[in-house]
Amino acid sequence: MPEPFKNLFNRPLIDNLGKHLKMRYPAFDKTGFIRMASRQLEDLELKQRSLQITAALERHLPDDFLQAREILLAALHPQDDVDLRELKMDEQGVRGWAVMPMADYIARRGMNHFDAAMEALRQMTCRFSAEFAVRHFIRADLPAALRHIRRWAKSPNYHVRRLASEGARPRLPWGQHLPELIADPRPMLPVLAMLRDDPSEYVRRSVANHLNDIAKDHPQLLTEVVQEWYADGSAERQRMLRHACRTLIKKGDARILSALGYTSAKNLHKTLLLEQFAIAHERPRIGEHLAMNMVLRSNHSKPQTLVVDYAIYFRRANGEFSTKVFKWKNCRLLPGESLVLAKRHSLKKITTRVYYPGAHKVAVQINGVLMQAIDFELCE
């Protein structure tokens, strides 16, 4: 079994954080901080552990926010332009997951020092994303936050440029939603336009996810953006926009399909033939794979550009079903051309999905149109 995600916040992380703070602030009660931050750690989940560390910072750093801010910034690792996914703290300073409670400290204590706090988050995001903490400031004063965000979008540091998009996503997973930007996302469009051709895929992917958030509440607005940005865009921009439109593509939105150059979903059952769709086993077990294959043939007089997806109807504990659509392939079929496709979907247990034995269903979906479904029995 993989290590529980919550264990990213552990006693060694707390010890190292305390050590670096003590080095920058000799009066820091490292022993008291470690004791408070690690209290009953095993009983807490990830966010609870982070908030407990934040509370310990509040208890043991100076009451003066600006002084406490300088201590936290001094403890940061000097490198600020590296991929942080596999990096941990070392003797040079703090980076990685330990920055999350530090950023939360800034959000909880720095609201009366708005600009100084936002600058602290800019520096912290280079050692671990501050996308959750910055949302408190966006909620408190959107115009003031946007002044910082527009500058961040021009930063030479790609972590900061990503924060300009990711931190202001209207519906960021695991983060508090931003009602003002859900209601009207237009203030962020100039920022996203600055970042749409960013040299970093990390940044461009955030732009795509931000636009996909917008699509959930304002599909017409996203359609207008795509119509303006897509045709003369680079291959990277077009790829980013297709990813941004994934929610509307899966719904078969005719305007988005047209804007992206996909074949209209209208009459697709006549212009595209699903000559075969089958699964290898009708009774796969939890932990195995669902193996699928299909044969498509064009019955159209013109080439067809297609988004081939598959949807699995997962059985819930109460016997009802929830549907999840997965990507299979983007393809182009010439008149009369056939295409053979195969796919294996893992049925292994993961932290974000619980499998229940019983009746399930898998379906082929092309340009948002349900083509055919097959029942299968998931066994223990």
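**Exercise 1. At roughly what angle do the axes of H5 and helix H6 cross?**

Before we start, note that this model is predicted: local features need pLDDT of at least 70 and side-chain atom pairs pLDDT 80 or more, while totals for chains, interfaces and linings use all residues. Numbering starts from 1 along each chain as its sequence is written, and side-chain values use heavy atoms, without hydrogens and water.

*Step 1.* Find H5 (residues 99–109) and H6 (residues 114–124); helices are DSSP runs (H or I, at least four residues), numbered from the N terminus.

*Step 2.* Their axes come within 10 Å and cross at roughly 170°. Axes are lines fitted to C-alpha atoms over the stretch in contact, with angles from 0 to 180 degrees between N-to-C directions.

*Step 3.* H5 is therefore roughly antiparallel to H6 (an angle over 145 degrees).

**Exercise 2. Find the residues where H5 and H6 meet.**

*Step 1.* From H5, take Val 99, Met 102, Ala 103 and Ile 106.

*Step 2.* Their partners in H6 are Ala 117, Ala 120, Leu 121 and Met 124; contact means heavy atoms within 4.5 Å.

**Exercise 3. Describe the surroundings of Thr 263.**

*Step 1.* Look in the loop between helix H16 (254–259) and helix H17 (268–271).

*Step 2.* Thr 263 is buried, because its relative accessible area is 15% (buried means under 20%, with a 1.4 Å probe and protein chains only).

*Step 3.* Its side chain reaches the backbone nitrogen of Thr 305 at 2.8 Å.

*Step 4.* Not counting residues up to four places away in sequence, Thr 263 touches several residues, including Leu 257, Pro 303 and Asn 367.

Definitions and conventions: Helix = DSSP H or I, 4+ residues; strand = E, 2+ residues; numbered from the N terminus. Buried < 20%, exposed > 50% of the residue type's maximum accessible area, 1.4 Å probe, protein only. Polar contact = N/O pair within 3.5 Å; in protein donor to acceptor, adjacent residues only side chain to side chain. Parallel < 35°, antiparallel > 145°, perpendicular 65-115°, else oblique.
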